[in-house]
Amino acid sequence: MRLRESGDQRRQVPRTDTVLTDARLASASSSLGRETVKEAVAQAQERARRGELSPDAVADAAAESLPRRAAALRPVINATGVVLHTNLGRAPLSDAAVEAVLAAAGHTDVEFDIETGNRTRRGQGAAEALLRAVPAAEAAHVVNNGAAALVLVATALAAGREIVVSRGELVEIGDGFRLPDLLESTGAAIREVGTTNRTTVSDYEAVIGPDTAFILKVHPSNFTMQGFVSSVALEDLAGLGLPVVMDLGSGMLAPDPLLPDEPDASTSLAAGADLVTASGDKLLGGPQSGLLLGRADIVERLRSHPLARALRVDKLTLAALEATVRASMTPTWDALRRSASELHARAEGIRDALRQAGVAADVAETVSVVGGGGAPGVELSSWAVALDADLAAPLRRQDPAVVGRVERDRLLLDLRCVPEDLDDALRSAVVAAATGHPGA
Ligand SMILES: *Cc1c(COP(=O)(O)O)cnc(C)c1O
């Protein structure tokens with residue numbers, strides 16, 4: 001009896017060709033690839049053969065099991081309270097930047113003058129936007145990231161020569177990458193001056209000579225030193241008669257009262273830096289990119305160096321960067337500016353909704369940070385929804401994934417970096433994670 005039944009089942013399981021005519025599966029074939037879809041169909045057929053699935057439901061089951069998007073990168077709700085989280089993609093793009101990316105995704109005039117039909121310099125729009133935002137800069141060039149900007153400067157200006165840097169500024173930028181190693185990989189030599197905590201002008205004066213290519217000043221963007229410390233101001237370095245390059249790290253173009261200790265491009269150039277380097281995806285709040293701003297002759301040397309071709313940025317990056325620089329607000333600065341009282345009210349609203357759905361929840365006062373991307377030591381008072389720590393893993397498996405932080409056996413979902421329009425998605429994800437069912 002059983003055997004005959006399963007024999008019937010087997011005969012009834014629809015053939016692959018038939019299942020693939022389903023409209024959802026046909027369209028998924030073109031976006032996700034035929035192999036992925038066939039695999040999903042084969043698995044659904046196998047379940048039907050085992051009797052776990054009605055033969056009529058094979059196409060539905062295959063469609064439901066398909067990946068929701070063509071790239072494995074999954075959207076994340078950043079509830080860590082770290083505004084610029086490198087592992088979570090640093091700065092989220094603004095709506096304007098996303099629109100610019102979409103518009104540039106096809107063929108576009110990235111190196112073409114629509115008026116004359118001639119070739120133009122790549123990335124002109126982004127460079128012009130940067131120069132409008134930083135009038136103290138004579139010229140601008142964009143490369144792949146902050147590290148690439150430094151490598152280009154070191155290679156073009158100092159290969160076979162010396163870069164003078166204070167011992168207090170030889171930083172590790174993260175993931176084991178150290179600035180001195182990066183610079184020396186270009187063939188330039190690092191000439192260290194001063195001590196970890198104190199460096200004076202005379203330390204620089206004592207070592208500069210014919211072999212010195214430039215003086216590098218690095219913003220310690222991921223740590224602070226307190227106590228018996230001193231470093232030399234840009235104004236004083238500028239008086240030493242050599243080019244001064246300032247690695248800002250964070251990419252602020254102008255000062256902002258919210259982060260008074262964070263250096264910016266305009267102030268640094270006005271103080272005498274000949275060139276500044278920075279990241280586009282830290283406090284500028286744009287796409288991953290490396291900015292080089294400053295003296296026209298230096299920028300031209302960088303631009304025309306062969307290595308510049310290897311560090312060239314993509315049209316999508318240029319589009320997002322230009323849109324970011326033109327706009328006055330970015331999601332990064334929205335997150336930095338959210339007031340604790342606003343976050344408190346939102347946390348209470350989510351807590352109440354969760355309790356109504358039967359999920360144990362509290363609110364907790366907490367502290368957000370800017371992140372490795374800048375402003376070390378700055379603490380922003382914030383509010384979180386506090387949950388059972390066991391929810392951390394199931395929440396990460398939601399789509400979008402929710403990443404919080406576990407503190408003293410509680411999972412804290414810090415709302416500072418969560419745009420308000422994601423509160424419902426956050427609440428649904430928590431309900432789904434707590435009940436194992438899709439959220440309300
Ligand atoms: C982050 C940082 C870099 C590296 O920039 P990326 O864009 O991450 O490559 C270099 N210098 C400083 C001071 C930084 O903070």
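A pocket here is an open set of grid points with protein on both sides within 12 Å along at least five of seven lines. With that in hand, welcome to a set of close-ups of this predicted model.

**View 1. The second largest pocket holds about 720 Å³ of space.** Its lining is made of 35 residues, and those closest to its centre are H219, P220, S231, D261 and P263. Three elements each give two or more residues to this lining: the strand β7 (212-218) and the helices α11 (234-238) and α12 (265-270). Sorted by class, the lining of the second largest pocket comprises 16 nonpolar, 12 polar and 7 charged residues.

**View 2. The second largest pocket lies between two domains.** The domain assignment divides the chain into domain 1 (7-65), domain 2 (76-87 + 333-435) and domain 3 (93-328). Domain 2 and domain 3 both contribute residues to the lining of the second largest pocket, so this pocket sits between them. As for domain 1, its C-alpha centre and that of domain 2 are 39 Å apart.

**View 3. Twelve labels to look for: the ligand and its shell.** Around the ligand you will find R90, N145, G146, A147, I173, V218, H219, S221, D247, G249, S279 and K282. By class, this shell has 3 nonpolar, 6 polar and 3 charged residues. H219 belongs to the ligand shell, and H219 is also among the residues closest to the centre of the second largest pocket.

**View 4. Polar side chains meet the ligand.** Which ligand atom does the side chain of D247 approach? An N or O atom in the D247 side chain is 2.5 Å from a nitrogen atom of the ligand. For K282, a polar side-chain atom lies 2.7 Å from an oxygen atom of the ligand. R90 likewise places a polar side-chain atom 2.9 Å from a ligand oxygen. On its own the ligand has 380 Å² of accessible area, and the protein covers 93% of that area. The helix α8 (146-158) and the strand β8 (244-249) are the elements that give two or more residues to the shell.

**View 5. R90 has an unusual backbone setting.** Most residues other than glycine have a negative phi, and most peptide bonds are trans. R90 is not a glycine, yet its phi is positive, at about 50 degrees. This residue is found in the loop between β1 (76-78) and α6 (95-104). R90 is also one of the residues that surround the ligand.

**View 6. A cis peptide bond joins D399 to P400.** Omega for this bond is near 0 degrees. Where along the chain does P400 fall? P400 is in the loop between α18 (392-396) and β13 (401-403).

**View 7. One cavity of 30 Å³ or more turns up in a search of the whole structure.** The largest cavity has a volume of about 40 Å³. Its lining consists of L248, G251, M252, L253, A265, V276, T277, A278, L291 and L293. Strands β9 (275-279) and β10 (290-294) are the elements that give two or more residues to this lining. Of these, β9 provides the largest share, with 3 residues. By class, the lining of the largest cavity has 8 nonpolar and 2 polar residues, and no charged ones.

Note on methods: Residues numbered from 1 in each chain as written. Predicted model: local features only at pLDDT ≥ 70, side-chain atom pairs only at ≥ 80, totals over all residues. Heavy atoms only, no water. Near = heavy atom within 4 Å. Polar contact = N/O pair within 3.5 Å; in protein donor to acceptor, adjacent residues only side chain to side chain. Areas by Shrake-Rupley, 256 points an atom, 1.4 Å probe, with all protein chains shown as cover. Helix = DSSP H or I, 4+ residues; strand = E, 2+ residues; numbered from the N terminus. Nonpolar A, V, L, I, M, F, W, Y, C, P; charged D, E, K, R; others polar. 1 Å grid on protein atoms, 1.4 Å probe; cavity = no way out; pocket = protein on both sides within 12 Å on 5 of 7 lines; lining within 4 Å. Points joined across faces, edges and corners; volume = space filled by probe spheres on them. Domains from an automatic or database assignment.
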